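The following exercises are to be worked with the sequence and the coordinates at hand. Please attempt each task before reading its solution.

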Amino acid sequence: MVDLSVDLCGITIDNPVIPASGTFGYGQEFAKLYDINILGTFSFKGTTWEPRFGNETPRIAECPAGMLNAVGLQNPGVHHVIEHELPELKKIFHKPVMANVSGFSVEQYVKTCELLTKEEQVGWIELNISCPNVHGGGMSFGTDPKAAAEVVSAVKKVVTKPLIVKLTPNVTDIVAIAKACEDAGADGVSLINTLLGLRMDLKTGRPLLANTTGGLSGPAVFPVAVRMVYQVAKAVKIPVVGLGGVTTAEDVLEMQMAGAAAVEVGTANLIDPYACKKIIEDLPAVYEKYGYKSK
Amino acid sequence: MKQSIFTIEKNEPIAAGMYGMTLRGDTSEITAPGQFVNVKLEGLFLRRPISVCDCEGDVLRLIYKVVGHGTAQMAAMQPGQTLDLLTGLGNGYDLSMAGDAPLLIGGGVGVPPLFLLARKLREQGKAVTAVLGFNKAEEIILKDEFQALGCEVRIATLDGSVGTNGFVTDALPEKMSCVYTCGPEPMLKAVYRATACPAQFSFEERMGCGFGACMGCSCKTVTGYKRICTDGPVLVREEILW
């Protein structure tokens, strides 16, 4: 049997496949379809200090080989997640989970992470400094090395779990941001979040999304993601989690060959709810076919 | 929810811009009228949500309006071809609220999901009235089939070519124990205002996944945020913020 396990910031996971935040909720929808314990782990829905409704609808638009979303971090808030979602998750998922956190100020990031790091089931904190769909927070921390370093070092002081910083591709030099996060104490980086996009409605002449812009994801962004993972993995010593348009086991291997320690799968889950299960099942044969050894 | 492959048995135009498709496959997850399926189409990234018109045994019937690339592609499909569907999506209508005089109100392509509901209510021996609204005579669908179920059918057309000249709200009966409705949002709003009895409204929204994962189709309700795809598409009067 092929050993698929990998090390992610000191925690061994059974395989490198991780459903990405925002495409897997808090696990419940997918647990009805398959045993989600087959996953390496998963990154839960981006959680903020306060509950958020997010943006008005329409929030979704389509393009060839991808989609735009402008959900805007809808989530029930960290207190609800700790009191309701995590106890429910514990019943169906028996591995460490990745807690994805977003915020609108350094203080909010710190307060939210401070609570989540104390939760037994939280294995890693994934710090989302890259959401393109909110104003006055999210991505604004991830587009400037100084702002990124400031939030990472503040959060690093309060967390006891490995801190993975999720980066935006909407920058000129993602390597500079990744290095700033590493220097500020990040235990890993994950990339890429979505690429900022816009679609017009031909019938109205206005933007299709209520938020005007949205984040592009899906196979369309895969080569951009592989390029950035490759560049960042060469430049930093901390583990890099690769994501962006990953749809097949071959895509997972390609990300690993580009330097990813583990791989997140996002939009593919929305089109094929069994995507991660299929990828995990396909992975041994793909490794064998290309003579790849994960260790 | 279930993902499975269905085989097309029939696919033909049934009115202006409207097609009827009959498929065979695993319908075991379709448990209530008013649910929908999410259709994967070649070359299009997102699935297309289509309401279930009727479902019996392993036979599934969809009625859809050609509005874009996805439905145009569906209209060109031939018997024998297959479709990848996610089935059993959405909550569907609650039959237990029907009372003795359920009233079904549909507008245009909002009429099909009411058909399975009408059939189920008739099987329970309920006296069902269906008020169906269309733009014009050429767009009328399912009228004879609602009648064949034993429903009292009232038609409203905007151009007055058949039945009441005007909106569905111009053709409402006096007696109603529960309203079940599906159609364009302005129609739903008009029905909301024109009636006072218990009522269930089926909504439409652009969806990412169709099964509750992406939060693409959320709306605000009296009882908090709801996902149209999973907590809906049917909402009851008391939870709607109008």
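Five exercises with worked solutions follow.

This is a predicted model, in which local features need pLDDT of at least 70 and side-chain atom pairs count only at pLDDT 80 or more, while totals for chains, interfaces and linings use all residues. Residues are numbered from 1 along each chain as its sequence is written, and chains are lettered from A and ligands numbered from 1 in the order in which they are written.

**Exercise 1. Chain B as a whole**

Task: Describe the secondary structure, the dimensions and the burial of chain B.

Solution. Step one: chain B has four helices and 15 strands (DSSP runs numbered from the N terminus, helices being H or I of at least four residues and strands E of at least two). Step two: the C-alpha trace spans about 45 × 40 × 35 Å along its principal axes. Step three: the radius of gyration of chain B is 17 Å, which agrees with the value near 18 Å for a compact globule of 242 residues (taken over C-alpha atoms, with a globule rule of 2.2 Å times the number of residues to the power 0.38). Step four: 48% of the 242 residues count as buried (a residue is buried with 20 or more other C-beta atoms within 10 Å of its own, exposed with 12 or fewer, and partly exposed in between, C-beta atoms being placed from the backbone).

**Exercise 2. The two domains of chain B**

Task: State which strands of domain 1 of chain B supply at least two residues each to the side that touches domain 2 of chain B.

Solution. Step one: chain B is divided into domain 1 (2-89) and domain 2 (95-202), with bounds from an automatic or database domain assignment. Step two: their centres, taken over C-alpha atoms, are separated by 23 Å. Step three: each domain gives 13 residues to the contact (two residues are in contact if their C-beta atoms, placed from the backbone, lie within 7 Å). Step four: strand 1 (2-15), strand 4 (48-56) and strand 5 (59-65) of chain B each supply at least two residues on the domain 1 side. Strand 4 of chain B gives the most to that side, with five residues. Step five: the domain 1 side divides into nine nonpolar, two polar and two charged residues (Ala, Val, Leu, Ile, Met, Phe, Trp, Tyr, Cys and Pro count as nonpolar, Asp, Glu, Lys and Arg as charged, and the others, Gly among them, as polar).

**Exercise 3. The contact between the chains**

Task: Determine how many residues each chain gives to the contact between chain A and chain B.

Solution. Step one: 27 residues come from chain A and 20 residues from chain B. Step two: the chain B side consists of eleven nonpolar, five polar and four charged residues.

**Exercise 4. A:G214**

Task: Locate A:G214 and classify it as buried or exposed.

Solution. Step one: A:G214 is in strand 13 (residues 214-217) of chain A. Step two: A:G214 counts as buried, because it has 29 C-beta neighbours inside 10 Å. Step three: leaving aside neighbours within four places in sequence, its contacts include A:A61, A:N133 and A:L209.

**Exercise 5. B:V109**

Task: Locate B:V109 and classify it as buried or exposed.

Solution. Step one: B:V109 is in the loop between strand 7 (102-107) and helix 2 (112-123) of chain B. Step two: B:V109 is buried, with 23 other C-beta atoms within 10 Å. Step three: the C-alpha atoms of B:V109 and B:A72, 37 residues apart along the chain, are separated by 15 Å.
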